[in-house]
Amino acid sequence: MKTPIIDFHTHPFDTIDENICQYKYDVGVGRDEVKNYMNNLGIEHICGSVIHVPAVPDMPWSGIRELNNIALTLAEEYNGFYIPGFHIHPSYLKESLEEIERMHSIGVNLIGEIVPYCFGWSDYSSREMDEILDLALELNMIFSFHTMNEDAIDRMVEKHPKNILVAAHPGEKDSFTRHLARMEKSENYYLDLSGTGIFRQGMLAYGIKKFGAERFLFGTDFPVCNPAVYVGGVGMDDLLTDSDKEKVMFGNADRLLRETENKFYEN
């Protein structure tokens with residue numbers, strides 16, 4: 001079976017500071033090599049935000065906005081390959097709401113993957129996050145977020161069941177089980193397969209058995225993780241049907257990007 005792939009979880013980079021590969025000085029894929037490298041694995045589009053390494057917990061809003069601007073520049077240069085995601089920060093509520101409006105006005109309707117620990121915050125269920133998510137819902141945006149502070153994620157899902165929420169990283173069994181419990185509470189809760197979890201035998205097949213293949217998105221967390229592992233982990237899994245694989249690797253992300261009218265996505 002051969003299907004095009006949309007990698008819903010990556011962190012592209014302009015300079016070495018934003019490259020989160022642990023071996024970037026030795027065998028890391030360079031900025032100008034990313035597209036060919038991913039295309040050779042069958043990955044036709046990548047999505048995600050730009051992150052600074054090391055983390056800057058006290059980064060001012062101007063620094064966060066600059067990361068978002070880098071994402072826009074990369075999207076233009078990659079010419080349809082990269083669908084940019086952007087950061088918000090609840091401590092900068094006014095600025096975050098303005099950033100959401102700005103991005104929406106140019107057709108960027110993907111928030112994230114947001115990575116709170118990189119910027120010194122953690123509570124997904126704060127009053128400020130409520131306002132951010134209310135605006136994201138009004139503007140029909142996807143909210144992609146790093147799995148941490150799981151009690152706060154539970155509260156966020158309970159308060160915002162209509163938002164399109166994409167959790168990153170299945171984690172080990174306890175965390176994966178909590179993700180599945182949230183899927184029961186909200187039909188708009190999705191899980192991308194990046195990071196820990198996919199290599200546990202039967203994990204994805206079990207999730208699909210409970211909820212169908214429509215709630216899972218292919219993701220790798222490139223360049224920190226090896227995308228070939230995820231291409232093989234889904235595409236060569238005999239516990240999945242060809243239909244399951246097509247939905248996870250392409251169809252589900254294609255549908256979400258189309259439904260949110262993301263102008264940077266053309267297929």
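The exercises below work through a predicted model, each with a solution in steps.

**Exercise 1. The sheet**

Determine the order of the strands in the open sheet, the sense of their pairing, and which strands lie at the edges.

*Solution.* Begin with the order, which is E4-E5-E6-E7-E8 for the five strands, with parallel pairing. Next, look for strands that pair on one side only: these are the edge strands, E4 (110-114) and E8 (216-217). Then examine one pair in detail, where E4 and E5 (residues 142-146) are joined in the parallel sense over three bridges, and where Leu 110 stands opposite Ile 142 in E5.

**Exercise 2. Helices on the sheet**

Find which strands helix H5 lies across, and which strands helix H6 touches.

*Solution.* Take H5 (residues 150-159) to begin with: this helix lies across E5, E6 (164-168) and E7 (189-192), and runs at about 165 degrees to E5. Continue with H6 (residues 173-185), which packs on the sheet by touching E6, E7 and E8, its direction making about 150 degrees with that of E7.

**Exercise 3. The nonpolar cores**

Identify the residues with the most contacts inside the largest nonpolar core, and the helix that gives the most to this core.

*Solution.* The largest nonpolar core has 74 residues, and those with the most contacts inside it are Ile 88, Phe 143, Phe 145 and Phe 216. Helix H2 (residues 61-78) gives the most to this core, contributing nine residues. For a single residue, consider Phe 145, whose contacts beyond its neighbours within four places in sequence include Ile 114, Tyr 124, Ile 153, Met 156 and Tyr 189. A second, separate core has 15 residues, among them Ile 6, Val 166, Phe 250 and Ala 253.

**Exercise 4. Helix H2**

Compare the span of H2 with the expected one, and state what covers its buried residues.

*Solution.* With 18 residues, H2 reaches 26 Å from its first C-alpha to its last, close to the 26 Å expected at 1.5 Å a residue. Its buried residues include Trp 61, Ile 64, Leu 67, Ala 71, Leu 74 and Tyr 78, and what covers the buried residues of H2 includes H1 (34-39), E3 (82-84) and H3 (93-105). Just after the helix, Asn 79 takes a positive phi of about 55 degrees.

**Exercise 5. A helix pair**

Decide whether H8 and H9 are roughly parallel or roughly antiparallel.

*Solution.* H8 (residues 227-235) and H9 (residues 242-259) pack at an angle of about 150 degrees, with their axes 9 Å apart. Angles over 145 degrees count as roughly antiparallel, and therefore H8 is roughly antiparallel to H9. At the residue level, Val 231, Val 234 and Gly 235 in H8 meet Lys 245, Val 248 and Met 249 in H9.

Conventions: Residues are numbered from 1 along each chain as its sequence is written. This is a predicted model: local features need pLDDT of at least 70, side-chain atom pairs count only at pLDDT 80 or more; totals for chains, interfaces and linings use all residues. Side-chain values use heavy atoms; hydrogens and water are left out. Two strands pair if DSSP finds at least two bridges between them. Helices (H or I, at least four residues) and strands (E, at least two) are DSSP runs, numbered from the N terminus. Contact means heavy atoms within 4.5 Å. Axes are lines fitted to C-alpha atoms, for helices over the stretch in contact, and angles run from 0 to 180 degrees between N-to-C directions. A nonpolar core is a set of buried Ala, Val, Leu, Ile, Met, Phe, Trp, Tyr and Cys residues joined through side-chain atoms within 4.5 Å. Buried means under 20% relative accessible area, exposed over 50%, partly exposed in between (1.4 Å probe, protein chains only). The expected span of a helix is 1.5 Å times one less than its number of residues. Angles under 35 degrees count as roughly parallel, over 145 as roughly antiparallel, 65 to 115 as roughly perpendicular and the rest as oblique.
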